[in-house]
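Work through the exercises below with the sequence and coordinates at hand. Each task is followed by a solution in steps.

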Amino acid sequence: VLQNTIEQVKQAQQDAQKMAEDFAIGKENVNLQDVMINLQKANLSFQQMVQVRNKLVSAYHDIINMQV
């Protein structure tokens, strides 16, 4: 599940980057609003993935530090 999520985030970032490049070179079918929305979506998905990773690491540390 985590690997699949990482791949989705990576794909969202690549799509946003490609759209930004298309806008920069002046492709007619790409507008600034769509570029900004896709960049923001990619950023939010990355931030969400980082927060999930942080929770997983925290849970791991809690389990490791438990006394049996």
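**Exercise 1. The tail and the model**

Task: Where does Q67 lie, and is Q67 buried or exposed?

Solution. The coordinates are those of a predicted model. Step one is to place the residue: Q67 belongs to the segment after α2. Step two is the accessibility. The relative accessible area of Q67 is 79%, and the cut-off for exposed is over 50%, so Q67 is exposed. Step three is a distance check: 48 residues separate Q67 from M19 in sequence, and their C-alpha atoms are 51 Å apart in space.

**Exercise 2. Helix lengths**

Task: What end-to-end span should helix α2 have at 1.5 Å a residue? Repeat the check for α1.

Solution. Helix α2 covers residues 32-64, which makes 33 residues. The expected span is 1.5 Å times one less than the number of residues, so α2 should reach 48 Å. The C-alpha atoms at its two ends are 48 Å apart, in agreement with that value. For α1, with 24 residues, the expected span is 34 Å, and the distance from first to last C-alpha is 35 Å, close to expectation. Just after α1 comes G26, with a positive phi of about 90°.

**Exercise 3. Buried positions**

Task: Which residues of α1 are buried, and which of α2? State what they pack against.

Solution. Start with α1, where V9, A16 and D22 are buried. The cover over these buried residues includes α2. In α2, the buried residues are V35, A42, S45 and M49, and they pack against α1 (2-25). For the spacing of such positions, recall that an α-helix has 3.6 residues a turn, so residues three or four places apart point the same way.

**Exercise 4. Geometry of the helix pair**

Task: What is the relative direction of α1 and α2, and what is the handedness of their crossing?

Solution. Two packed helices are described by the angle between their axes and the distance between the axes. Here the axes of α1 and α2 come within 9 Å and cross at roughly 155°. Angles over 145 degrees count as roughly antiparallel, and α1 and α2 are therefore roughly antiparallel to each other. The crossing of α1 past α2 is left-handed.

Next, list the contact. From α1 the participants are L2, I6, V9, A12, Q13, A16, M19, A20 and F23, and they meet L32, D34, V35, N38, L39, A42, S45, F46, M49 and L56 of α2. Sorted by class, this contact of α1 with α2 comprises 15 nonpolar, 3 polar and 1 charged residues.

**Exercise 5. Three single residues**

Task: Assign D22, K18 and L32 to an accessibility class.

Solution. Take D22 first, a residue of helix α1. Its relative accessible area is 12%, and D22 is therefore buried, the cut-off being under 20%. With neighbours within four places in sequence left aside, D22 is in contact with K27 and V30.

K18 is also found in helix α1. At 43% relative accessibility, K18 is partly exposed. K18 and T5 lie 13 residues apart in sequence, with 20 Å between their C-alpha atoms.

L32 belongs to helix α2. Its relative accessibility of 45% puts L32 in the partly exposed class. Between L32 and Q8, 24 residues apart along the chain, the C-alpha separation is 23 Å.

Key. Residues are numbered from 1 along each chain as its sequence is written. This is a predicted model: local features need pLDDT of at least 70, side-chain atom pairs count only at pLDDT 80 or more; totals for chains, interfaces and linings use all residues. Side-chain values use heavy atoms; hydrogens and water are left out. Helices (H or I, at least four residues) and strands (E, at least two) are DSSP runs, numbered from the N terminus. Buried means under 20% relative accessible area, exposed over 50%, partly exposed in between (1.4 Å probe, protein chains only). Contact means heavy atoms within 4.5 Å. Axes are lines fitted to C-alpha atoms, for helices over the stretch in contact, and angles run from 0 to 180 degrees between N-to-C directions. Angles under 35 degrees count as roughly parallel, over 145 as roughly antiparallel, 65 to 115 as roughly perpendicular and the rest as oblique. A crossing is left-handed if the near helix is turned anticlockwise from the far one by less than a right angle, and right-handed if clockwise. Ala, Val, Leu, Ile, Met, Phe, Trp, Tyr, Cys and Pro count as nonpolar, Asp, Glu, Lys and Arg as charged, and the others, Gly among them, as polar.
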